[in-house]
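Morning, everyone. I have one structure to go through today, and I will start with the ligand site. Please have it up in front of you.

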Amino acid sequence: MALTTHTGLFELLDITGDDAEECAALLATPPGEAVLGAMATMQERLGSFPLDSIQEDHAVETVWIEALLRFSPTVHAYHLRLGISPDVSAASLSDVGLQLRINRRVHGRFGLDTWGWLTLHMAGNLFRLGRLQFHLVRSPEDTAQAGTSTADQRWVLGVHIPEDGGLSPALVDASLAEARLFFARYFPDKPAAVATCDSWMLDPYLADRLPESNIASFARRFTLDRCSDAPTDAVYFTFRQRGLQDMDRLPRDTSLQRVVLERIDDGGTWQLGHGHLEL
Ligand SMILES: CC(C)(COP(=O)(O)OP(=O)(O)OC[C@H]1O[C@@H](n2cnc3c(N)ncnc32)[C@H](O)[C@@H]1OP(=O)(O)O)[C@@H](O)C(=O)NCCC(=O)NCCS
């Protein structure tokens with residue numbers, strides 16, 4: 001019964017199976033104060049192009065899940081008001097369902113340890129266009145530099161790679177081409193000439209070891225600006241495990257799994273590569 005009531009919302013967010021049951025249960029009673037507070041914070045950010053996600057110490061995941069569920073229709077309506085198609089809006093918001101499924105793989109239960117990441121989508125400036133996600137933000141360098149007037153600020157597209165099968169160069173080409181058209185059309189006053197990516201996939205160690213891979217081909221598109229230590233990212237995205245415990249129990253079936261673990265075996269530290277490309 002409750003599930004039927006929420007069919008449209010769960011379709012929009014691609015919430016399936018047991019996650020749909022759990023989400024319906026959260027929506028079965030009126031929102032409490034904490035949920036209303038979380039929704040108010042998201043409302044303040046909607047349309048303000050924030051760079052960072054919402055952060056909260058001691059956050060309760062179910063509070064944020066409920067708030068994300070209840071706030072999503074507002075973001076969807078905001079997208080549509082901008083003239084963005086329902087399909088692009090749904091593709092962008094479907095990350096909610098994907099992250100709930102990933103949470104089950106990581107922790108074996110209903111939850112959302114990546115709730116903060118999804119607060120970016122709820123601000124209305126993160127879109128999935130084909131294979132990739134794009135986050136339209138003011139250049140972080142300009143933002144950090146006091147004195148840059150709002151009119152002079154440059155805009156950039158932060159690129160993210162959702163888990164959804166292979167990352168063939170053709171899919172990436174199509175996604176980048178779609179992004180160029182999409183942002184010029186819907187955000188003409190915020191022209192972005194550069195896309196940035198901060199990812200374990202841009203660690204040059206990977207392209208050295210797996211030069212023929214899609215990951216290496218993706219990384220080569222970017223000029224690497226710098227690297228920073230990120231010891232657990234490669235393990236999280238390859239094995240969906242938080243932390244570096246029980247490394248000897250992880251599978252070594254694919255070439256990526258082997259490369260990730262061998263580097264750690266050798267005492268190396270995985271890096272986050274920070275790169276950019278001209279759009
Ligand atoms: C990024 C991603 C889409 C690349 O997938 P892909 O196109 O299949 O990758 P490649 O073709 O370059 O893969 C090369 C090898 O690594 C393996 N591989 C790729 N991603 C893998 C993963 N997440 N887990 C285990 N093995 C993986 C492939 O099976 C292949 O193995 P093989 O040589 O033994 O056949 C995939 O890794 C993924 O979904 N990652 C999670 C999302 C993510 O990391 N986002 C970035 C966050 S900063």
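Helix 14 contributes the most residues to the shell around the ligand, namely 3. Helices here are DSSP runs of H or I with at least four residues, strands are runs of E with at least two, and both are numbered from the N terminus. Before going on, some housekeeping: this is a predicted model, where local features need pLDDT of at least 70, side-chain atom pairs count only at pLDDT 80 or more, and totals for chains, interfaces and linings use all residues. Residues are numbered from 1 along each chain as its sequence is written, and side-chain values use heavy atoms, with hydrogens and water left out.

Back to the shell. Helix 12 (214-220), helix 13 (233-239) and helix 14 (255-265) each supply at least two residues to it. A residue is near the ligand if one of its heavy atoms lies within 4 Å of it. Which residues come nearest, of the 19 around the ligand? They are I161, L167, N214, I215 and S255. By type, the shell has 7 nonpolar, 9 polar and 3 charged residues. In that scheme Ala, Val, Leu, Ile, Met, Phe, Trp, Tyr, Cys and Pro are nonpolar, Asp, Glu, Lys and Arg are charged, and the others, Gly among them, are polar.

Now the polar contacts, meaning pairs of N or O atoms within 3.5 Å. A nitrogen atom of the ligand lies 2.8 Å from a backbone N or O atom of I161. A polar backbone atom of L167 is 2.7 Å from an oxygen atom of the ligand. For S255, an N or O atom of the side chain sits 2.6 Å from a ligand oxygen atom. On its own the ligand has 900 Å² of accessible area, and the protein covers 73% of that. Those areas come from the Shrake-Rupley method with a 1.4 Å probe.

Next, the sheet. There is an open sheet of 6 strands, in the order 1-2-3-4-6-5, with mixed pairing. Two strands pair if DSSP finds at least two bridges between them. Which strands are at the edges? Strand 1 (126-129) and strand 5 (223-229), each of which pairs on one side only. Strand 1 pairs with strand 2 (residues 132-138) in the antiparallel sense, over 4 bridges. L129 has L132, in strand 2, as its bridge partner.

That is what I have; comments are welcome.

Notes
A polar contact is a pair of N or O atoms within 3.5 Å; within protein, one must be able to donate a hydrogen and the other to accept it, and residues adjacent in sequence count only if both atoms are side-chain atoms.
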